[in-house]
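Here is a friendly walk through one protein chain, written for someone who works at the bench. Have the sequence and the 3D view at hand as you read.

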Amino acid sequence: MRDRMLRWSVYVLIAIGFAVACVFLSHWQFDRNAARSEQIALVEANYDAEAVPLADLIGSDGVFHPQDEWHPVALHGEYLAEEQLLVRNRPHGGTSAFEVLVPFQTDDGRVLIVDRGWVAPGSGDAPDAVPAPPSGTVDVVVRLRDGEAAAPARGAPPGQVATIHLPTIADVVGGDVVTGAYGQLVSETPPAPALGSFDSPTDDPGPHLSYAIQWILFAVMGFIFIGYIIRTEIVKHREDLEDRPVREKKKRSRDRDADVEDELLDAH
């Protein structure tokens with residue numbers, strides 16, 4: 001009995017450890033689902049909002065607030081076409097395309113990096129052709145996006161960058177560059193030859209909620225499985241106890257028969 005209790009205790013400890021791991025993974029998926037829901041709500045609130053001046057969302061301190069991501073802003077000024085940069089290895093059109101970054105200098109002298117769209121790769125390390133931005137004074141509407149992390153391990157040829165890491169780009173471009181956010185192009189006036197456009201962000205919440213529920217079910221199933229094993233052992237032990245008298249009776253009967261046979265053999 002003591003051995004069985006020790007074994008069952010080990011079973012229960014295993015089930016508890018498995019349940020703790022499942023609960024941790026479930027909370028992780030719940031957190032991811034909550035974060036994804038916040039992202040979707042942010043897009044719904046900002047994506048089609050009316051464009052406002054850049055200064056309304058990014059002041060002179062250059063601080064960009066995450067709740068303003070995707071919000072359109074209206075810019076008036078000119079493109080600094082000679083400072084154009086290409087972001088390499090961007091997934092568009094089923095291939096590793098290039099996104100075209102052109103600094104835009106506003107009337108107040110600040111420079112916002114504008115991602116005008118993407119172009120297909122060429123035969124070498126750069127696109128075969130990149131449509132130029134409109135020259136002179138331009139009215140532009142962009143959606144604000146947060147910058148990307150640096151990728152020091154990924155190199156890029158001159159005139160190109162590996163990611164949209166705004167401090168790095170600011171060092172290349174120079175001037176009063178806004179490093180809190182950049183803009184994804186919505187429209188230009190006057191218009192210029194169009195580049196590849198950006199896909200709208202998806203409102204798919206993803207599988208995180210279903211995964212979270214599945215991990216909870218796995219934790220419960222772990223206890224059910226251990227309970228089934230323990231119950232099976234208990235039932236088997238009871239059956240063994242109930243069958244023991246019958247087995248002993250049969251054994252005694254076989255022993256008597258064997259003794260009788262031995263006596264008969266001795267008599268002959």
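The report below goes from the overall fold to the core, the surface and a few backbone details.

**Overall fold**

Please keep in mind that this is a predicted model. The chain holds four helices and eight strands, and along the sequence they follow the pattern α-β-α-β-β-β-β-β-β-α-β-α. Of its 268 residues, 34% are buried. The chain exposes about 16,400 Å², with carbon and sulfur atoms supplying 57% of that area. If you take the contacts between residues at least 6 apart in sequence, 69% of them join residues at least 24 apart.

**Inside the chain**

In soluble globular proteins, nonpolar side chains tend to be buried together. Here, the largest nonpolar core has 23 residues, and Leu75, Tyr79, Val140, Val142 and Leu144 touch the most other members. Two or more core residues come from each of helix 2 (54–57), strand 2 (72–79), strand 4 (95–106), strand 5 (111–119), strand 6 (138–146) and strand 8 (181–189). Another core, of 14 residues, lies apart from this one and includes Leu80, Val111, Leu166 and Ala170.

Val140 is a good residue to click on. Leaving out residues up to four places away in sequence, Val140 touches Val73, Ala74, Leu75, Tyr79, Phe104, Leu185, Ser187 and Glu188.

**On the surface**

Now turn to the outside, where a nonpolar patch of about 880 Å² is made by Phe18, Phe30, Leu209, Ile213, Ile216, Leu217, Phe218, Val220, Met221 and Ile224. Helix 1 (2–46) and helix 4 (208–267) each give two or more residues to the patch, and helix 4 gives the largest share, eight residues. Leu217 belongs to helix 4; Leu217 counts as partly exposed because its relative accessibility is 48%, and partly exposed covers the range between 20% and 50%.

**Backbone details**

Most residues other than glycine have a negative phi, and most peptide bonds are trans. Two residues with a positive phi are set out here.

| Residue | Phi | Place | Relative accessible area |
|---|---|---|---|
| Trp70 | about 75° | loop between helix 2 and strand 2 | 12%, buried |
| Asn89 | about 60° | strand 3 (residues 85–92) | 45%, partly exposed |

Neither Trp70 nor Asn89 is a glycine. Which peptide bond is cis? The bond from Thr189 to Pro190 is cis, and its omega is near 5°. You will find Pro190 in the loop between strand 8 and helix 4.

Note on methods
Residues are numbered from 1 along each chain as its sequence is written. This is a predicted model: local features need pLDDT of at least 70, side-chain atom pairs count only at pLDDT 80 or more; totals for chains, interfaces and linings use all residues. Side-chain values use heavy atoms; hydrogens and water are left out. Buried means under 20% relative accessible area, exposed over 50%, partly exposed in between (1.4 Å probe, protein chains only). Contact means heavy atoms within 4.5 Å. Accessible areas come from the Shrake-Rupley method with a 1.4 Å probe; for residues, only the protein chains shown count as cover. A nonpolar core is a set of buried Ala, Val, Leu, Ile, Met, Phe, Trp, Tyr and Cys residues joined through side-chain atoms within 4.5 Å. Patches are made of residues with over 30% relative accessible area and no salt bridge: like charges are joined within 9 Å, nonpolar side chains (Val, Leu, Ile, Met, Phe, Trp, Tyr) within 5 Å. A salt bridge is a side-chain nitrogen of Lys or Arg within 4 Å of a carboxyl oxygen of Asp or Glu.
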